[in-house]
Amino acid sequence: MNALRLLTLLCFLPLASLHAEDPNKTILLPLGVHLVTGVEMVREAVLRNGDTEKTVMNMPVTIEKAKLIMQQVNAIWAPAGIEWVTDPEQGGGGIVSEKAGGGKLSAERLKTLAEQVVGRQRDSKIRYMDRVFPALADPANNETIGNNGTFNDARPELYHLYLFPYIGQTLQGTAKISGTFAIVGVFSDKSPNKNGFPKARPHLIPAKSQPVLSLPNFPRDGSLSATIAHELGHNLSLLHVDEGMKDNLMKGHVKLRLGPIQIKKAREQAMKGPRIGALDLPRPVP
Ligand SMILES: [Zn+2]
């Protein structure tokens, strides 16, 4: 921890004195990042010649890589004065690699769930966010999920972000609006990748596009860091609105920036959910 960080931590304010509209406060939100392992997702597609091609998807993101991803997520959220804290020593939920279902699901159940995920279409009526993805989480690492693999009534202590190998056909992320549950697929067959042939997505906005929030080199297919920042925006009540920005985080073709109305809304929602507190830290000028 550097000296500035230590100094700012010492300046913790009582929660009661923090108001979402106070622009000089960075709101600290506790986040647990879950890298889900032990579930293989296999997407099959038929080639023109009639052969079948299989893509076998596991979890390629390591804890070290996830730390870098979260740095970029926080760079995207910094102009809103919102910081996602994963470090348990600072009140975060950690970045953990965990077995699907806590390693307690039968091989048959695990296979069924994986097949449901792989077969998921955009317009599916199956309640994936209530029935399938929570069942693939480890309930020991999420206070809002019971041992039966569905949500319980516990008051959330953290936001929970899950990285799964894949989350469904042409899909990249889903999140509960004004909730604390978000999921992102590491592999995607959304355009420009070919439908039926998922590829692992870039983890980061390329380093050459420094500063991070510059448009020109941002990959069109997005990166995990941008998708994660977008899904966390849904958790903070934001919808698909662009506020007139081509590179808006919630709607732009490249997803990076937040508009002033979104910043206000997100900060108001942040004050309603789990939080650690606020740092007396002026936020960067957008
Ligand atoms: Zn969205």
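Biologist: A residue counts as buried if 20 or more other C-beta atoms lie within 10 Å of its own. In this predicted model, which residues of α4 are buried?

Modeller: Helix α4 spans residues 128–136. With that cut-off, its buried residues are Val-132, Phe-133, Pro-134, Ala-135 and Leu-136.

Biologist: What do the buried residues of α4 pack against?

Modeller: One helix and several strands share this role. The buried residues of α4 pack against α3, β1, β6 (159–164) and β8 (181–185).

Biologist: Let's look at α3 and α4 together. Are they parallel or oblique to each other?

Modeller: The axes of α3 (residues 107–118) and α4 come within 10 Å and cross at roughly 125°. Angles over 145 degrees would count as roughly antiparallel and 65 to 115 as roughly perpendicular, while the rest, apart from those under 35, are oblique. An angle of roughly 125° therefore makes α3, relative to α4, oblique.

Biologist: How many nonpolar residues are in the contact of α3 with α4?

Modeller: Helix α3 passes α4 in a left-handed crossing. Leu-113, Gln-116 and Val-117 of α3 meet Val-132, Ala-135 and Leu-136 of α4 there. None of these residues is charged and one is polar, and the nonpolar ones number five.

Biologist: Which residues does Val-117 touch, leaving out those up to four places away in sequence?

Modeller: Val-117 belongs to the α3 side of that contact. Leaving out those neighbours in sequence, Val-117 touches Met-41, Val-132, Phe-164, Tyr-166, Ile-167 and Gly-168.

Biologist: Val-117 also appears in the largest nonpolar core. Which strand gives the most to this core?

Modeller: The core has 66 residues, and Val-117 is among those with the most contacts inside it, along with Leu-29, Val-36, Val-73, Leu-136, Leu-163 and Phe-164. The biggest contribution is seven residues, and it comes from residues 26–37, strand β1.

Biologist: Val-73 is on that list too. How many nonpolar residues are in the contact of α2 with α5?

Modeller: Helix α2 (residues 63–77) and helix α5 (residues 224–235) pack at about 55°, with axes 9 Å apart. The contact uses Ile-69, Gln-72, Val-73, Ile-76 and Trp-77 of α2, and Leu-224, Ser-225, Ile-228, Ala-229 and Leu-232 of α5. No charged residues take part, two are polar, and the nonpolar count is eight.

Biologist: Is the crossing of α2 and α5 left-handed or right-handed?

Modeller: At about 55°, α2 and α5 are oblique to each other. Their crossing is right-handed.

Biologist: Finally, what share of the 286 residues is buried?

Modeller: The chain has six helices and eleven strands. Across its 286 residues, the buried share is 40%.

Definitions and conventions. Residues are numbered from 1 along each chain as its sequence is written. This is a predicted model: local features need pLDDT of at least 70, side-chain atom pairs count only at pLDDT 80 or more; totals for chains, interfaces and linings use all residues. A nonpolar core is a set of buried Ala, Val, Leu, Ile, Met, Phe, Trp, Tyr and Cys residues joined through C-beta atoms within 7 Å. A residue is buried if 20 or more other C-beta atoms lie within 10 Å of its own, exposed if 12 or fewer, and partly exposed in between; C-beta atoms are placed from the backbone. Helices (H or I, at least four residues) and strands (E, at least two) are DSSP runs, numbered from the N terminus. Two residues are in contact if their C-beta atoms, placed from the backbone, lie within 7 Å. Axes are lines fitted to C-alpha atoms, for helices over the stretch in contact, and angles run from 0 to 180 degrees between N-to-C directions. A crossing is left-handed if the near helix is turned anticlockwise from the far one by less than a right angle, and right-handed if clockwise. Ala, Val, Leu, Ile, Met, Phe, Trp, Tyr, Cys and Pro count as nonpolar, Asp, Glu, Lys and Arg as charged, and the others, Gly among them, as polar.
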